[in-house]
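Student: I should like a close look at a single part of this model, set in the context of the chain to which it belongs. Please give one connected account.

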Amino acid sequence: MIYLDNSATTKPFPDVVKSYSTVATEFFGNPSSLHSIGGQAEKLLTQARMQIADLLGVKSNEIYFTSGGTEGNNFALKGAANAYQGRGKHIITTEIEHDSIHKVMEQLQEDGFTITYLPVDENGLVSVEDIKSNIRKDTSIVSIMHVNNEIGSIQPIAEIGSVIKKQKPSVLFHVDGVQGIGKLPVELKKANIDLYTISAHKFHGLKGNGVLYIREGLVLAPLLAGGGQERNYRSGTENVAGAVSTAKALRMQLDNQLHKKDKLVELNRYLRENLAKMEDVVIHSPLDKSIPHIINFSILGIKAEVFVHALEKHNIYLSTTSACSSKSNTVSKTLTSMEVAKDVAESSFRISLHYDNTLEEIKITIEKIADTIKWLRGVMK
């Protein structure tokens with residue numbers, strides 16, 4: 001099997017699965033219990049929080065465990081919007097955010113908030129000047145993804161954070177870091193980020209686990225009420241095994257980022273060079289301003305779903321758009337925002353790599369893509 005859909009989800013590291021199993025079976029106590037079994041679980045939860053904080057360069061009391069990216073984005077935006085609406089009910093975001101941002105914005109708009117959706121250029125990048133010029137007296141939040149999940153474009157979040165805080169320091173800066181963490185270095189404090197979302201299954205952790213960074217001093221309106229866990233922000237018995245395994249996965253992925261990035265750059269280069277040689281193939285991921293993990297391209301005249309299933313017969317797995325919308329048959333809003341023609345966007349594909357993909361796998365993939373295109377064009381005649 002050649003798995004090239006890592007932006008949808010990653011295969012968990014074996015050591016991560018082992019750590020989850022060990023904690024779930026041997027340290028199964030409720031961290032809120034007063035007895036020693038509960039105390040052991042609470043200690044592990046505290047250690048996991050401290051480890052993640054250290055890896056992100058923040059304080060442990062700024063780390064909150066969630067169920068993943070969707071919950072983290074919902075909590076960050078709804079929690080901040082409701083808590084700080086006295087500062088204003090205007091929010092700035094982009095046209096190419098993940099649905100867990102876009103749908104929240106629609107809900108907030110129904111609640112009386114005004115949303116400004118900024119366009120992106122042909123590389124899928126938002127203009128920092130556009131952000132600056134759209135900040136108003138009643139702007140309370142700016143939410144920008146670090147890395148686009150479809151084409152891999154990298155937004156200049158450090159520059160954006162600096163502009164926001166210089167122009168209006170009270171504006172909260174939220175970054176969806178789900179596709180960026182473990183792939184790009186990020187310094188949350190230096191980038192002036194107030195809220196930062198990550199999801200474990202995007203970096204070889206387990207599904208149903210995530211983290212939201214909330215800058216010290218902020219007070220959000222909680223989504224969940226109950227027993228007061230996670231310092232009253234996320235009530236419900238904590239997933240200790242999930243937290244421990246997330247900390248382990250993040251450490252391992254950041255180690256990969258440090259030592260294996262150059263290899264990934266080479267794989268991306270090989271893909272680009274060989275896809276570019278194919279007739280009627282258009283590459284959408286920008287050359288210099290996207291992560292090497294993602295390459296998005298269209299094969300003109302080929303239906304996306306048909307091609308994906310045809311390639312699957314060779315045991316090669318890639319995707320069309322993001323996993324959250326791939327079954328809805330909707331045209332990529334990212335490519336549409338980049339002014340890619342509808343018929344071209346409808347035949348787009350995403351290859352998303354992980355650090356242990358090999359050159360041999362990529363050579364086989366290129367060969368099978370070429371063979372499949374030739375076969376499909378023959379069938380279509």
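Tutor: A polar contact here is a pair of N or O atoms within 3.5 Å, where, within protein, one atom must be able to donate a hydrogen and the other to accept it. With that cut-off, a side-chain polar atom of Gln 257 is paired with the backbone nitrogen of Lys 183 at 3.1 Å. The model is predicted, and the values that follow are computed from it.

The part to examine is helix 7, beginning with Gln 257. This residue belongs to helix 7, which covers residues 240-276. Is Gln 257 buried or exposed? Its relative accessible area is 14%, and because buried means under 20%, Gln 257 counts as buried. Leaving aside residues up to four places away in sequence, Gln 257 touches Gly 182, Lys 183, Leu 184, Pro 185 and Tyr 355. Lys 183 thus appears twice, once in this list of contacts and once through its backbone nitrogen, 3.1 Å from the side chain of Gln 257.

Arg 269 also lies in helix 7. With a relative accessible area of 37%, Arg 269 is partly exposed, whereas Gln 257 is buried. The side chain of Arg 269 makes a polar contact of 2.4 Å with the side chain of Glu 266. Arg 269 and Leu 287 are separated by 18 residues in sequence, and their C-alpha atoms by 9.3 Å in space.

The loop between strand 8 (210-214) and helix 7 contains Glu 230. At a relative accessible area of 6%, Glu 230 is buried. Its backbone deserves a check: phi is near 50 degrees, a positive value in a residue other than glycine. Most residues other than glycine have a negative phi. Asn 315 offers a second case, with a positive phi of about 65 degrees although it is not a glycine. Asn 315 is in the loop between helix 8 and strand 11 (316-317), and its relative accessible area of 35% makes it partly exposed.

Helix 8 itself covers residues 304-312 and includes Glu 312. Glu 312 is partly exposed, at 32% relative accessibility. Although their positions lie 310 residues apart along the chain, the C-alpha atoms of Glu 312 and Ile 2 are separated by 9.4 Å.

Helix 6 provides a further point of reference. Its buried residues are Ile 157, Ile 160, Gly 161, Val 163, Ile 164 and Lys 165. The cover over these residues includes helix 5 (128-134), strand 5 and strand 6 (172-176). Gln 167 is found in helix 6 and is partly exposed, with a relative accessible area of 35%. Not counting residues up to four places away in sequence, Gln 167 touches Lys 132 and Ile 135. The side chain of Gln 167 reaches the backbone oxygen of Lys 132 at 2.9 Å. Measured against the sequence, Gln 167 and Ala 243 are 76 residues apart, and 37 Å separates their C-alpha atoms.

Ser 153 is in the loop between strand 5 (139-145) and helix 6 (157-167). At 0% relative accessibility, Ser 153 counts as buried. A polar atom of its side chain lies 3.2 Å from the backbone oxygen of Gly 124. Beyond residues up to four places away in sequence, Ser 153 touches a set of residues that includes Ile 96, Asn 123, Gly 124, Leu 125, His 146, Pro 286 and Ser 290.

The chain as a whole sets the frame for these details. It has 11 helices and 12 strands. Its radius of gyration is 21 Å, close to the 21 Å that the globule rule gives for 381 residues, so the chain is as compact as a globular protein of that length. Along the principal axes, its C-alpha atoms fill a box of roughly 70 × 55 × 35 Å. Of the 381 residues, 55% count as buried. Among contacts between residues at least 6 apart in sequence, 74% join residues at least 24 apart. The chain exposes about 16700 Å², of which carbon and sulfur atoms supply 52%. The mean positions of its 43 positive and 43 negative charges are 2 Å apart.

Methods
Residues are numbered from 1 along each chain as its sequence is written. This is a predicted model: local features need pLDDT of at least 70, side-chain atom pairs count only at pLDDT 80 or more; totals for chains, interfaces and linings use all residues. Side-chain values use heavy atoms; hydrogens and water are left out. Helices (H or I, at least four residues) and strands (E, at least two) are DSSP runs, numbered from the N terminus. The radius of gyration is taken over C-alpha atoms; the globule rule is 2.2 Å times the number of residues to the power 0.38. Buried means under 20% relative accessible area, exposed over 50%, partly exposed in between (1.4 Å probe, protein chains only). Contact means heavy atoms within 4.5 Å. Accessible areas come from the Shrake-Rupley method with a 1.4 Å probe; for residues, only the protein chains shown count as cover. Lys and Arg count as positive and Asp and Glu as negative; His and the chain ends are not counted. The place of a charge is taken as NZ of Lys, CZ of Arg, CG of Asp or CD of Glu.
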